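This report covers the fold, the surface and the nonpolar cores of one protein model. The sequence and structure come first.

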Amino acid sequence: MEKKKISRQQVYTLLVQIGRKDGDGLPDGATGAALMIYASGVDEAEAVRETVAILKQADTAPLDVTGYGTLKEREEEGHDIGEEERALMQRALEENAVIVAQMTPFFEGDTPTVH
């Protein structure tokens, strides 16, 4: 009987700010956007690299990435994490994927809120 290989993958919560680029799919008049992302990786650096590579393939222009850690790290910091968010994190882990959970476009005059 084969032993199932234990994965070292974890899911990291990332906030990615993107700028404008032709074909990026952002609304007319938007100057960029913030994307809340759940990405799997053996460490946060790998999750960031994979996320940036996928966003570039999707014709977006990643400008900045802020990492918020794993589910466990976020719980230890007292973050309120709902069932929907947990389900997206689990999906990212199971599919070894990068999942965009939320997109907030920025418009001229907006002051981005960074948490």
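## Contacts of Leu26

In this predicted model, Leu26 touches Ile18, Gly19, Arg20, Gly32, Ala33 and Met103, leaving aside residues up to four places away in sequence.

## The nonpolar cores

Leu26 is also a member of the largest nonpolar core, which has twelve residues in all. The others in this core are Tyr12, Leu14, Val16, Ile18, Ala30, Ala33, Leu35, Ile37, Ala39, Ala47 and Leu55. Two or more residues come from each of β1 (10–19), β2 (30–41) and α1 (44–57). With five residues, β2 gives the most to this core.

Another core, of seven residues, lies apart from the one just described. Its members include Tyr38, Ile81, Ala92 and Ala97.

## Order of the elements

The protein has three helices and four strands. Read from the N terminus, these elements follow the order β-β-α-β-α-α-β.

How are contacts spread along the sequence when the residues are at least 6 apart? In the protein, 70% of such contacts join residues at least 24 apart.

## Burial and surface

The protein has 115 residues, and 32% of them count as buried. Each residue of the largest core, such as Leu14 or Ala47, falls under 20% relative accessible area.

The area that the protein exposes is about 7600 Å². Carbon and sulfur atoms supply 48% of this exposed area.

Key
Residues are numbered from 1 along each chain as its sequence is written. This is a predicted model: local features need pLDDT of at least 70, side-chain atom pairs count only at pLDDT 80 or more; totals for chains, interfaces and linings use all residues. Side-chain values use heavy atoms; hydrogens and water are left out. Buried means under 20% relative accessible area, exposed over 50%, partly exposed in between (1.4 Å probe, protein chains only). Contact means heavy atoms within 4.5 Å. Accessible areas come from the Shrake-Rupley method with a 1.4 Å probe; for residues, only the protein chains shown count as cover. A nonpolar core is a set of buried Ala, Val, Leu, Ile, Met, Phe, Trp, Tyr and Cys residues joined through side-chain atoms within 4.5 Å.
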